[in-house]
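Me: Could you walk me through the salt bridges here? I'd like to see each label checked against its cut-off.

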Amino acid sequence: LERAAAAVEAFSYSVESVGTFPKSGPPRVIWAGVREGAGPIVSLYGGVNDSLRRVGVQYERRRFVPHITLGRVRARRGLPPDFHAAVDSFRDRVFGVCAAREALLIASELTRKGPIYTPLHRAPLGAG
């Protein structure tokens with residue numbers, strides 16, 4: 001994380017739109033998209049994956065799409081009838097701009113009561 005973060009200068013990114021993953025079938029994740037500033041996030045992701053590959057750690061191989069996870073959908077069936085319409089109503093919404101100054105390594109533990117997120121390490125951007 002330190003090496004990948006050092007190679008990316010601090011940047012800003014815009015948060016726009018809302019959608020769900022996967023694109024087909026029952027939704028599992030509700031997300032907000034990252035538009036402007038997505039490039040540095042993709043570079044950071046690539047740098048972390050390069051470091052993982054060098055030490056033989058398995059990493060996510062699906063195409064990375066910069067986003068912010070807003071929530072997870074527990075029920076695969078029985079969603080409220082207006083669920084998709086509610087998500088679609090935010091499809092063209094612009095929420096604002098955020099500043100990124102550091103990268104965080106966060107442990108995510110999914111429990112029955114909901115996810116528990118624990119910051120494990122912080123690395124400043126552009127410290128190289």
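Reply: Sure. A salt bridge is a side-chain nitrogen of Lys or Arg within 4 Å of a carboxyl oxygen of Asp or Glu. This is a predicted model, where local features need pLDDT of at least 70, side-chain atom pairs count only at pLDDT 80 or more, and totals for chains, interfaces and linings use all residues. Residues are numbered from 1 along each chain as its sequence is written, and side-chain values use heavy atoms, with hydrogens and water left out.

Me: Why is the contact of Glu-102 with Arg-122 called a salt bridge?

Reply: The closest N and O atoms of Glu-102 and Arg-122 are 2.7 Å apart, and the limit is 4 Å, so the label fits. Glu-102 sits in strand E5 (residues 102-111) and Arg-122 in strand E6 (residues 114-124), so the pair ties together parts 20 residues apart in sequence. Strands here are DSSP runs of at least two residues, helices (H or I) of at least four, numbered from the N terminus.

Me: What makes Arg-122 partly exposed?

Reply: Its relative accessibility is 47%. Buried means under 20% relative accessible area and exposed over 50%, with partly exposed in between (1.4 Å probe, protein chains only), so Arg-122 lands in the middle class. Glu-102, at 36%, is partly exposed too.

Me: How do you know that Arg-53 forms a salt bridge with Asp-50?

Reply: Their closest N and O atoms are 2.3 Å apart, so the pair meets the cut-off. Both belong to helix H2 (residues 38-54), 3 residues apart, which is about one helical turn.
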